[in-house]
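Biologist: Could you walk me through this model? I would like to hear the reasoning behind each label.

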Amino acid sequence: MTRWFEENGPNGDVVISSRVRLARNITEYNFSLKLDEKSAERMIGDTLEKLKGIKELNNYTEFDFKNLNECQRHAMEERHAISRFLMEQKNAAGLVSPNEDISIMLNEEDHIRIQCFTAGMNMPLVYDKASQMDDLIGSSVDYAYHPKYGYLTTCPSSVGTGMRASYMLHLPALSGMGQLAGIMNEVGRFGLSMSSVFGEGSSSPGDIYRISNQTTLGLTEKELIDNLDNIVKQIIDQERMGRQQYIKQRRVTAEDAAYRSYGVLKYARKLSLKDALVLLSELRMGMFLGLFEENENNDFSIYQMMIGIQPYSLQLERGKLSQEELEVARSEFVRENLPDLK
Amino acid sequence: MLCENCNENEATIHYTEVINGVKNEHHLCSECASKLDLAYYGNMFGTELPFAKLLTGLFAAGKAAAGTEENPMAHIICPQCGMNFEEFTRVGKFGCAECYNVFGPLIDDNIRKIQGSSEHMGKKYANAKKEEVDLPDVMQKEKFSDKHEEIALLQAKLKEAVELENYEDAASLRDRIRSLKAKKE
């Protein structure tokens, strides 16, 4: 089955994915901070049994950290099936849908995290899916809910809706024009936060950024999403304007960069993660700008390659690799998966 | 100006933070500042959730202002998970659902500062139990077996009343605290 990140969605030139995460806790257990190992195991076991009793989840794949090695956990995190927080937990389990667009994580910072992804920009759709899942789970376990504060969470920054909606955006033009630091600062004023997906702080090989709501209380889910969407639409417009300006003023440079990236990706025999991300970002923008003369795979999702070149995803089938072996494997993976362009 | 944390040394470091349009000024001496994780402010976007840290800061500042000596807040413990006020202000996170009833009223204004509101407007939980709908009212003294707890809650209310310039309430709260303290001795 095609996984969600193997496709491009609406506004796919800029928006890679839409994601909603709902944080929920169960009344009968202490929150993660005060949950000892034994109780955590009981919480995981009991809840997993209840989830498996929901017939809508029959075709989901079950995972349990007891049966996963370190590499498998990291690889799940690299393709966003589980969160980083969950990956670092000692005990955890959950369910993942067949195309990996929905996951239910147990023993995250909150007992239950429901996560739903879709390619491109469609937050209302993902929210509906997550909310339906929430209703199913909420009728088989007792959520911690307060008439005033709403859904109770470990961290006061998630309380209320317990919802974090986030977009992954590809912003090579804004990044190239040095405008991102300003935008990152600006979005804070609207109750949003922005960070880079690969890399730290403002340096972001691959130019992929995540933007999400910070506020979770006092507004409805729809208002939070509308607020996020308004800002993201403006960022999309600015990114597109930047790209158009770039090919208008420096067409040859833009074509050169796109073809050069393609050439290196196609013929390199060793690729570091950072280099590969930078080259794939150039290639992705070039494809969407129509800089290649022949492109039969218009719908090809470059983002799936950005996941595939991550260290643990590469080692999943090849076993443990040294740094050099990893770079060689990365170049092989890229050659095998690169779309045919001329 | 004295440092807001230790109230002893001259404040030499002044910074302003603006979150969701709410401006907060802080004044610290170099000693206290070095203990604070100010580097976090430079790395705000490296993390997905800078709020928790901020919240800890807000709580800690409130606690320091109240004076650590014989701070009645320190006696508040969540009966469900054992979280105490000191730990709560340090980690800035709740230990269980009951913590929201225990610490919630104390930090209502902090939650509002961070979230812009302290009332849930979103999706309602269909299965929510009908019981315990009433919030613990600080004015209902029979709810508190421990006098310390009641004094602490009244002091929190007093602080809020003063901040809201609601001096009439503040005066009555102050009198109640005084009479409770007198009874204690």
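Modeller: Happily. This is a predicted model, and we can begin where chain A and chain B touch: 49 residues of chain A and 42 residues of chain B take part in the contact.

Biologist: How much area do chain A and chain B bury between them?

Modeller: About 4100 Å², with 56% of it on carbon and sulfur atoms. On the side of chain A, Lys34(A), Lys148(A) and Pro156(A) supply 16% of the area buried against chain B, more than any other three residues.

Biologist: What makes Lys123(B) and Asp134(A) a salt bridge?

Modeller: The cut-off is 4 Å between a side-chain nitrogen of Lys or Arg and a carboxyl oxygen of Asp or Glu. For Lys123(B) and Asp134(A) the closest N and O atoms are 2.7 Å apart, so the pair meets the rule. Between chain A and chain B the count is five salt bridges. In addition, 25 residue pairs are in polar contact across this interface.

Biologist: Which elements of chain A supply residues to the side that touches chain B?

Modeller: Helix 4, strand 6, strand 7, helix 6 and strand 9 of chain A each give at least two residues. Helix 4 of chain A has the largest share, with five residues. By kind, the residues on that side of chain A divide into 18 nonpolar, 22 polar and nine charged.

Biologist: Why is Lys148(A) called buried?

Modeller: Its relative accessible area is 15%, and buried means under 20%, so Lys148(A) qualifies. Its side chain meets that of Asp108(B) in a salt bridge, at 2.9 Å from N to O. Lys148(A) sits in the loop between strand 6 and strand 7 of chain A, while Asp108(B) belongs to helix 5 of chain B, so this pair joins two chains. Asp108(B) is buried too, because its relative accessible area is 8%.

Biologist: How do you know that Glu100(A) and Arg3(A) form a salt bridge?

Modeller: Their closest N and O atoms are 4.0 Å apart, and the limit is 4 Å. This pair links distant parts of the chain, with 97 residues from one partner to the other. Glu100(A) lies in the loop between strand 3 and strand 4 of chain A, and Arg3(A) in the segment before strand 1 of chain A.

Biologist: Are Glu100(A) and Arg3(A) buried or partly exposed?

Modeller: Glu100(A) is buried, because its relative accessible area is 11%. Arg3(A) has 27% relative accessibility, so Arg3(A) counts as partly exposed.

Biologist: Where do Arg90(B) and Glu86(B) lie?

Modeller: Both are in helix 4 of chain B, four residues apart, about one turn of the helix. Residues three or four places apart in an α-helix point the same way, because there are 3.6 residues a turn. The side chains of Arg90(B) and Glu86(B) meet in a salt bridge at 3.2 Å, N to O. Glu86(B) is partly exposed, because its relative accessible area is 34%. Elsewhere, salt bridges that share partners join Glu108(A), Glu109(A), Asp110(A), Arg113(A) and Lys93(B) into one network. Over all chains, the structure holds 28 salt bridges.

Biologist: What makes strand 9 of chain A mostly covered?

Modeller: Five of its five residues are buried. Leu192(A), Met194(A) and Ser196(A) point one way, Ser193(A) and Ser195(A) the other way, and all are buried. In a regular strand the side chains alternate between the two faces of the sheet.

Biologist: How do you know that strand 9 of chain A pairs with strand 10 of chain A?

Modeller: Pairing needs at least two bridges, and five join these antiparallel strands. One of the partners in strand 10 of chain A is Ser212(A), bridged with Ser193(A).

Biologist: Why is Ser166(A) called buried?

Modeller: Ser166(A) has 2% relative accessibility, and the cut-off is under 20%, so the label fits. Ser166(A) is found in strand 8 of chain A. Beyond its neighbours within four places in sequence, its contacts include Ser17(A), Met123(A), Ser212(A) and Leu228(A).

Biologist: And how many helices and strands does chain B have?

Modeller: Seven helices and two strands, running β-β-α-α-α-α-α-α-α from the N terminus on. Of the 185 residues in chain B, 39% are buried.

Key:
Residues are numbered from 1 along each chain as its sequence is written. Chains are lettered from A and ligands numbered from 1 in the order in which they are written. This is a predicted model: local features need pLDDT of at least 70, side-chain atom pairs count only at pLDDT 80 or more; totals for chains, interfaces and linings use all residues. Side-chain values use heavy atoms; hydrogens and water are left out. Contact means heavy atoms within 4.5 Å. Buried area is the accessible area (1.4 Å probe) that two parts lose on being put together, summed over both. A polar contact is a pair of N or O atoms within 3.5 Å; within protein, one must be able to donate a hydrogen and the other to accept it, and residues adjacent in sequence count only if both atoms are side-chain atoms. Ala, Val, Leu, Ile, Met, Phe, Trp, Tyr, Cys and Pro count as nonpolar, Asp, Glu, Lys and Arg as charged, and the others, Gly among them, as polar. Buried means under 20% relative accessible area, exposed over 50%, partly exposed in between (1.4 Å probe, protein chains only).
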